[in-house]
Amino acid sequence: MQLPVFNSGLIRNVAFWLRLLGCFNLFALAISVTAAETSGAKFGPPGSWVKPQFFNQQASTSLVDAGADQYLLLQERQINAAQDETFFHSVQQILTPSGVQNGATLTMDFNPGYETLTVHWARIWRGAQHLDRLDTNNVKVVQREEDLDQFALNGKKSAILVLDDVRVGDIIDYAYSIKGENPVFGQHFSMGIPIQFSQPAERLRTRVLWPGSRHLYAKAHGCAVQPRAIPGKDATEYIWDLQQIPGVTLEDSLPMWCDPEPWVQLSDFKTWAEVNQWALALFQMPVPLSADLSRKIAEWKQLEGQEQKILAALRFVQDEVRYFGIELGDSTEKPADPSKVFTRRFGDCKDKSWLFVTIMRALGIEAYPVLVSATSGRAITGWQPSAAAFDHCIAAVRCNDQMYWLDPTINYQRGSLPLHYLPGYDCGLVIAPKTTELTAIPHPTGFSQTTTTEYFHLHGKTAPAELKVITVATGRDADSLRALFAGTKRSDIEKTYTHFYLDQYPGTKMTAPITIVDDEWQNRIQTIEFYSLDRAWGQLGADKKYHFQFYPASISALLKKPVDINRKLPLGISFPQHQILRTEVTLPGPWQSETDKKTILDSAFSFQKHSHCAGSQLVMEYEYQSQADAIAPEQVSQHLQHLDQVTQALGYDLTWR
């Protein structure tokens, strides 16, 4: 499923916009290359409605950070909503040799299924010289299918022009128009206007010609910018014209719902009820179902109880219908016929979810497709209603008067319905006749937890040691572990597991194959590993004493610090996470050791450590559990202090005296 134009999840940095305007090299795989004239690209002047802007050739680059390879002098878009046409114009100055490498190849994307591309000009300004670089014979059209590694075909093409003789200091100026709109949206309109990028820009300008007979809604996000409105006979002209815009200071490790770059959202939808009505037309019940699908549904009808029927159908759609999207034309948003998806055994998120919902309804079970945002999460609750808010589709099903939210694209889920994990989408649009608002999606009641118990058996100072590891995973962790063992060669897994301990304990070797016990109904997986440690004890330092150092690497991996410490934006936390590591050591004889207990409570996590020794048995236990998906900027300083305290509490040095 693809978004109509732009959403805030895509407007995260200037790289997206520069790529849209063709400033980056072509990284994607070219499936076919043809001459422009035969592949939907044309050449000519812009439409008479376009009013191209000139740029300040003498603009100062004082806003540009040291080391930047280009400076965006002008980016303008002009949109004629009545004609479904958009004019793009980009001007950037090349500042460094790497800027020549990155900026001398122009890329203009379009979808020939419903769009036509017209290239207007490509020129270089070198001092007082004006050099024409639009050689129509050099424009090649490439079908890239850059989403193929994500198991999707979208049919998009790119017109590529490699500019001759580009030098440091040159100004590259080019423009093109795209006419057409995906018919699946009808006359509906959605787009985003950039107000500020991560990199500075001399001028950002957006002009929209909007028919006077239709209403346009604008909503500013992270800014208070208002357009200049110029009423006309048949249309109103809206202009956002910003100059000398500094770059936004971006910070790392943001939660997905935090979009630091200001933007303005445009939509002709007034309410979510209107978006729902648009979506209802896409999710129409097919009549009749194919004979093969009907026979399969008849088999599921023989199962006892609603939950067993739901789970059987869900397992089939999740595990036997592979994920692959053919998103050409209206199939970007409209699901394929469920009978076709059943027969071909593949589909994207909306195809799989609609197949599952169709099966549920044929079984007499209430179910609905649900549109969600996997990139913006709950942030869309603050958006103007728009079809562009969504990039993923899941399903809601009612069982025994309880609504369950399920993702038919997740493989290898097991357990009863309450134990099914769902990512934190937080809200969604339930595609049902009476829907008028977004619906809150509760977090699943089934918990995810991994408990690892290490059993070390240590002998003399020069003797090998034995290690047995038992890992128990539940919830999402069990889903992930099950997927790992189902999709990865066992020898590769065992090699990876061995290297994990080899990094900590030299001379580690796996002595038996990993064993797996999968309790699917409880969604609980247990694995058992066996190792020998040839060089268990090591001599450290000048004291020549023998040491055995334990370190909880799996817990340490959860204690990630951000690069940006002094923050103005929230810090994202990996959530949910619940890890328990218990290490039990059988020593060569009685050992003296002090009991150590520590508890650290943070707004983002809780941590506990407990170690003690009784006779020849040493036990160390660590537990880490995340409490939220983000923390406020004013809490970050204390959070970092707590991370340091946890780090200092990790590890145990056993010394042979």
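Colleague: How much area does the protein expose, and what share comes from carbon and sulfur atoms?

Modeller: About 29100 Å², with carbon and sulfur atoms supplying 51% of it. That area comes from the Shrake-Rupley method with a 1.4 Å probe; for residues, only the protein chains shown count as cover. Keep in mind that this is a predicted model, where local features need pLDDT of at least 70, side-chain atom pairs count only at pLDDT 80 or more, and totals for chains, interfaces and linings use all residues. Residues are numbered from 1 along each chain as its sequence is written, and side-chain values use heavy atoms, with hydrogens and water left out.

Colleague: What makes a residue buried here, and what percentage of the protein is buried?

Modeller: Buried means under 20% relative accessible area, exposed over 50%, and partly exposed is in between (1.4 Å probe, protein chains only). By that cut-off, buried residues make up 52% of the 657 residues.

Colleague: Why is strand 3 called mostly covered?

Modeller: Eleven of the eleven residues in strand 3 (residues 70-80) are buried. Strands are DSSP runs of E with at least two residues, helices are runs of H or I with at least four, and both are numbered from the N terminus.

Colleague: How do you know which strands pair with strand 3?

Modeller: Two strands pair if DSSP finds at least two bridges between them. Ten bridges join strand 3 to strand 4 (residues 85-94), running antiparallel, and seven join strand 3 to strand 13 (residues 201-211), running parallel. Take Arg77: its bridge partner in strand 4 is Phe88, while in strand 13 it is Thr206.

Colleague: Why are helix 8 and helix 9 called oblique?

Modeller: The axes of helix 8 (residues 475-487) and helix 9 (residues 490-502) come within 8 Å and cross at roughly 125°. Axes are lines fitted to C-alpha atoms, for helices over the stretch in contact, and angles run from 0 to 180 degrees between N-to-C directions. Under 35 degrees counts as roughly parallel, over 145 as roughly antiparallel, 65 to 115 as roughly perpendicular, and the rest as oblique. The crossing angle falls in that last class, so helix 8 and helix 9 are oblique to each other.

Colleague: Which residues meet there?

Modeller: Leu481, Leu484 and Phe485 in helix 8 meet Arg490, Ile493 and Tyr497 in helix 9, contact meaning heavy atoms within 4.5 Å.

Colleague: What makes strand 30 and strand 38 edge strands?

Modeller: The open sheet runs 30-31-38 with antiparallel pairing. Strand 30 (538-539) and strand 38 (652-656) each have a single partner strand, so one side of each lacks a neighbour in the sheet.
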